[in-house]
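Let's take a walk through this fold together, from its overall build to the residues packed at its centre. Have the sequence and the model open side by side as you read.

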Amino acid sequence: MLQALHQEHINIARLLDVLRQQLFAIRSEHPVRYRLLKDVLSYLSEVSDQCHHPQEDLIYDYYLKYRCQDDQITTRLHQEHELVVEAGKELAALVDMILMDAVIPLDQLMAKLESFIVLQQRHMDFEESEVFPELRTSLTEDDWRHLEQNWHYRTADDPLFGREVAERYRDLSNSISLHA
Ligand SMILES: [Fe+2]
Ligand SMILES: [Fe+2]
């Protein structure tokens, strides 16, 4: 389960690279691929916000209940998940407006995009460096079995990094492979 979440972090990191490239394009006044930006944000809200984070929340809640004396880590994680979701929604709304030809100050878009990337990256780094190692050492095989059984959400295959790329993520998938 932790291994799958770790793999998802690697996938998210690749998408953050796509966002960084687009941020760089906006800054240097090169053509910006707003569709691609939108696809990345759609994917993150579809898979990351609705599957990856809830799965982590389930594990952290369990950890807090049975292992942890101090709940600062879990509180921070839950808060960060909410912040990431909120920042993603705001950014997606902005990109949608641009795609509908609304005039949006580019400074505003760059600031939001940059803070979204920083937020996501910092959150993942915190999980990878502090939270996951702690979970690895403190949860037993039995705990993981229990957690897997309690994980109902994950039914579908990943629409971008799974066995088959869904039609709506074809462009994004091609673009990532080009930069791999
Ligand atoms: Fe997370
Ligand atoms: Fe995560």
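## Contacts, helices and cores

In the protein chain, residues 24 or more positions apart account for 74% of the contacts with a separation of 6 or more. Keep in mind that this is a predicted model.

What secondary structure does the protein chain have? It comes to 6 helices and 0 strands, and from the N terminus on the order reads α-α-α-α-α-α. As for dimensions, the C-alpha atoms fill a box of roughly 50 × 35 × 25 Å along the principal axes. The radius of gyration is 17 Å, which agrees with the value near 16 Å that a compact globule of 180 residues would have. Of the 180 residues, 20% count as buried.

Now for the interior. The largest nonpolar core has 17 residues, and L15, V40, L41, Y43 and L44 are those with the most contacts inside it. Four helices each supply at least two residues of this core, as listed here:

| Helix | Residue range |
|---|---|
| α1 | 2-27 |
| α2 | 34-66 |
| α3 | 72-99 |
| α4 | 106-138 |

Which helix gives this core its largest share? That is α2, with 6 residues.

Y43 is a good residue to click on next. Leaving aside neighbours within four places in sequence, Y43 is in contact with L15, L160, Y169 and L172.

There is also a second, separate core of 6 residues, and its members include Y60, L77, V131 and L135.

Notes: Residues are numbered from 1 along each chain as its sequence is written. Chains are lettered from A and ligands numbered from 1 in the order in which they are written. This is a predicted model: local features need pLDDT of at least 70, side-chain atom pairs count only at pLDDT 80 or more; totals for chains, interfaces and linings use all residues. The radius of gyration is taken over C-alpha atoms; the globule rule is 2.2 Å times the number of residues to the power 0.38. A residue is buried if 20 or more other C-beta atoms lie within 10 Å of its own, exposed if 12 or fewer, and partly exposed in between; C-beta atoms are placed from the backbone. Two residues are in contact if their C-beta atoms, placed from the backbone, lie within 7 Å. A nonpolar core is a set of buried Ala, Val, Leu, Ile, Met, Phe, Trp, Tyr and Cys residues joined through C-beta atoms within 7 Å.
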